[in-house]
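Dear colleague,

I am passing on to you the structure shown here, together with an account of what was found in it. Please look through the sequence and the model first, and then read on.

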Amino acid sequence: MISMFNFENGHVDFKMRYIQTERWKAERAARRSLYGKYRNPWTDKPEVAGKSRGTANTAPIWHAGRLLVLKEDHVPMAVDPDTLATLGDFTWNGQLKSKTVTAHPKIDPVTGELLLFSYECEGDGSSPMCFLIEDKSGNLVKEEWFDPPYVGMVHDFAITTDYVIFPIFPTTMDPERLKAGGDHWKWDGSLPSWVGIMPRAGSTTDIRWFKVPTSCGFHVINGFNEGTIVHLDMMISKRNGFPYIGDIAGSAADPQDGVPYPTRWSFDMTSNAVDGGFSSKSLAPYGGELPLIDPRCVGRDYRYAYISMVDPERRILMAGPTYMGANMIGKIDLTTGEVQTYHGTDETSFQEGAFIPRGPGEDEGWYINIADRHDQNRSDLLIFDARAISEGPLATARLPIRLRSAFHTTWVPGV
C-alpha cells in the first residue's frame, strides 16, 4: 500500500492505493491467503509456486522522473506519481540481472546518481550481493556482483564522496531451514558484524572487509569521509530487535538489547588492522529509528539528523512492526550535541518524517511527520519549521481516519 499527501494551491489532498503486485492479484482473485511464511516460498500454496512473492511495501524513491516502490527481496515496481496506479516491475528494460534490489538506495546530491545494492541476488538463500548505479538520466550504468562474509540481512548502506559502505549484521539465513518450513531469519550472536568499504572510483573487487563487534543495524543516518577516515552514522543495537526473529541458539532476548541508538562508526582506510582502526561513539542518548537528514547532505559532512525517538520516561504505545511506537521527534545537532525534542500527547505515536528543503542552509526547510492519535482512531500530518522542532508544528492536516504505521517516505517536488 502506498499513500500520498499532495500540497497544491493552499490545500492538502490525501490518496492511498494498493500496489498491484502479482502476489496481490493472486490473493485478491482467490479471496484468501496463498503465501506462507515471510520470505519462505516452501510454505506457499501449490497454486502460486513460482509466482512472485514481492510486496513492494517498504520504501518509495523519486529519481530521474520515476516513482519506484521498493522491497529488498524483489525488483522495484514503478508507480504513476499522480494517480498511484501500478505500472509494473521495473528492471531498466531487462538490463537488471539481480532478482532483488534494496529498499534504501542513495541519491548523490552533487552527481545526481542513484546508487543501489542488492543481497540474495539469485533469490532466497543465495549468497551474492551486487552494487548498482543509475545515472542522473535514469540509465543503469553499473551492476557488479560480489560475495559477503556470510548470508545475512543487509537492509541499508551508505555512500560518501569517495566510498561506498556495506554493513553486514548476523541476522542470518539458512537455505536448509527454509526448505524445512522454518523462518528466513535467525539471530546468530556468535558471529561478528562486518563492514565492507569500497572506493567509488573502483569496483567490488576492491571492497575491504572490516571486522567489528557483534551488533545489529537497520537504518543508516548518513556516511561521509575526511580523507581516508570513513564515518558511518547508523542506528545500532546490540541484537536484532524484531520480536519475531528468534535466536538461533534458542536463547531468550532482553528487549533492551534490541533498542537502536544513533551511533558513529569510524574506520581508517590506511590501517592494516582487521578492524580498520575501528572506533565507535554515541551521537545521542535516546533510542529510536527511522532517521533522516537534509537530502542535500547525503554522503557529505553534515550537522543535523531527525529521528523518531523513544523517551523511556513517557508512555510508550504499541505501534509499528517492532510494536514499540516513537513517542517523540528528535533533532540532533552533531556539532553541539544538543537534542531538540517534540512530544505529542500520551496517546500519540509518530511515524517516519520527511525533510523538504526551502533555503540554502542545511536545516532551512520543513520537516513533516504523521502523528497517530490512538485515542481518536485517526492520524494528523504535522508540518514543522525544521530549525525549531521543539516549538511544535506550524500547521496540521487532519485526517478523519487512522493510518497504519508505515515504513518509509520520500518527498517529490512539484514539477
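What follows goes from the protein as a whole to two groups of its strands.

Please keep in mind throughout that this is a predicted model. The protein has 2 helices and 29 strands. Its radius of gyration is 21 Å, which lies close to the 22 Å that the globule rule gives for 415 residues, so the protein is as compact as a globular protein of that length. Taken along the principal axes, the box filled by the C-alpha atoms is roughly 55 × 50 × 50 Å. Buried residues make up 54% of the 415 residues, and the protein exposes about 18300 Å², of which carbon and sulfur atoms supply 50%. If one takes the contacts with a separation of 6 or more, 53% of them are accounted for by residues 24 or more positions apart.

The first group to look at is built around strand 18, which covers residues 229-237. Of the 9 residues in strand 18, 8 are buried, so this strand is largely enclosed by the rest of the structure. Strand 17, residues 216-226, runs antiparallel to strand 18 and is joined to it by 8 bridges; within this pair, Gly-223 stands opposite Leu-232 of strand 18. The two strands form a hairpin with 2 residues between them, and in the turn Gly-227 has a positive phi of about 65 degrees. Strand 18 also pairs with strand 19, residues 261-268, in the antiparallel sense and over 8 bridges, and here the bridge partner of Asp-233 is Arg-264 in strand 19.

The second group is an open sheet of 4 strands in the order 21-22-23-24, with antiparallel pairing. Strand 21 (287-292) and strand 24 (339-343) stand at the edges of this sheet, and because each has a single partner strand, one side of each is left without a neighbour in the sheet. On average, and with direction ignored, neighbouring strands of this sheet are turned by 25 degrees against each other. As for the partner of edge strand 24, strand 23 (residues 328-333) runs antiparallel to strand 24 and is joined to it by 5 bridges; to find this pairing in the model, you could start from Lys-331, whose bridge partner in strand 24 is Gln-340.

With best regards

Definitions and conventions: Residues are numbered from 1 along each chain as its sequence is written. This is a predicted model: local features need pLDDT of at least 70, side-chain atom pairs count only at pLDDT 80 or more; totals for chains, interfaces and linings use all residues. Side-chain values use heavy atoms; hydrogens and water are left out. Two strands pair if DSSP finds at least two bridges between them. Axes are lines fitted to C-alpha atoms, for helices over the stretch in contact, and angles run from 0 to 180 degrees between N-to-C directions. Buried means under 20% relative accessible area, exposed over 50%, partly exposed in between (1.4 Å probe, protein chains only). The radius of gyration is taken over C-alpha atoms; the globule rule is 2.2 Å times the number of residues to the power 0.38. Contact means heavy atoms within 4.5 Å. Accessible areas come from the Shrake-Rupley method with a 1.4 Å probe; for residues, only the protein chains shown count as cover.
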